[in-house]
Amino acid sequence: MNSLGLSPYRIMWLFVMFDLPVGTRTERKQATGFRNSLLDLGFEMSQFSVYLKYCPSGEKATAVSDKIPSLLPPGGKVDVLSITDKQFSNMRRYYARKQRKTHGAAKQYHLF
């Protein structure tokens, strides 16, 4: 547990990975709308078609992931994956050949 009493096994990270068609103007507009909807839900871009979000609990991760189907464009493939904060902390991340330490909980404020 961390200093806030949050277990790295209960905190979740939600990943949305997608491959959407962008061959037509309409498809590009739908793909952009989907990405913007993810940002509106509090996701951040990890890679061009990979977005992630910190969730303080499994219940919150489920609630957020349940919103994804209503945002889907008609074409393409979308995968949603949730992992624990402990698993996330073991991920190796590289930027321009330099390993970057995986940060813990996102810098978000939660009001109770």
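In which sense do β2 and β3 pair, and over how many bridges? In this predicted model, the two strands run antiparallel to each other and are joined over three bridges. Within this pairing, Gln47 faces Val50 of β3.

The wider setting is an open sheet of four strands, arranged in the order β2-β3-β1-β4 with antiparallel pairing. The edge positions belong to β2 (44-47) and β4 (77-84); each has a single partner strand, so one side of each is left without a neighbour in the sheet. From one strand to the next, the twist averages 30 degrees. Two helices accompany these strands. Helix α1 packs on the sheet, where it touches β1, β3 and β4, and its direction makes about 175 degrees with that of β1. Helix α2 also packs on the sheet through contacts with β1, β3 and β4, but its direction makes about 25 degrees with that of β1.

Turning to the interior, the largest nonpolar core has 14 residues. Val16, Phe18, Phe34, Leu38 and Phe43 are the residues with the most contacts inside this core. Two or more residues each are given to the core by β1 (12-19), α1 (25-40), β3 (50-55) and α2 (58-65), and β1 supplies the largest share, four residues. A good place to look in the viewer is Phe34: leaving aside residues up to four places away in sequence, Phe34 touches Val16, Phe18, Leu20, Leu71, Leu72, Pro73 and Val78. A second, separate core holds eight residues, including Ile11, Phe15, Tyr54 and Phe88.

Aromatic side chains deserve their own paragraph. The structure holds five aromatic pairs. One of them joins Trp13 and Tyr54 in an edge-to-face arrangement, with 5.6 Å centre to centre and 70 degrees between the planes. Because Trp13 lies in strand β1 and Tyr54 in strand β3, this pair ties together parts that are 41 residues apart in sequence. Both partners are shielded by the criterion used here: Trp13 counts as buried because its relative accessibility is 0%, and Tyr54 counts as buried because its value is 4%. Trp13 and Tyr54 also belong to one aromatic cluster together with Phe15 and Phe88.

Charged contacts are quickly told, as the count comes to one salt bridge. Here the side chains of Lys77 and Asp79 meet, with 2.9 Å from N to O. As for its surroundings, Asp79 has a relative accessible area of 32% and is therefore partly exposed.

Terms used:
Residues are numbered from 1 along each chain as its sequence is written. This is a predicted model: local features need pLDDT of at least 70, side-chain atom pairs count only at pLDDT 80 or more; totals for chains, interfaces and linings use all residues. Side-chain values use heavy atoms; hydrogens and water are left out. A salt bridge is a side-chain nitrogen of Lys or Arg within 4 Å of a carboxyl oxygen of Asp or Glu. Buried means under 20% relative accessible area, exposed over 50%, partly exposed in between (1.4 Å probe, protein chains only). A nonpolar core is a set of buried Ala, Val, Leu, Ile, Met, Phe, Trp, Tyr and Cys residues joined through side-chain atoms within 4.5 Å. Contact means heavy atoms within 4.5 Å. Two strands pair if DSSP finds at least two bridges between them. Axes are lines fitted to C-alpha atoms, for helices over the stretch in contact, and angles run from 0 to 180 degrees between N-to-C directions. Rings of Phe, Tyr and Trp (its six-membered ring) pair if their centres lie within 6.5 Å; planes under 30 degrees apart count as stacked, over 60 as edge-to-face and the rest as tilted.
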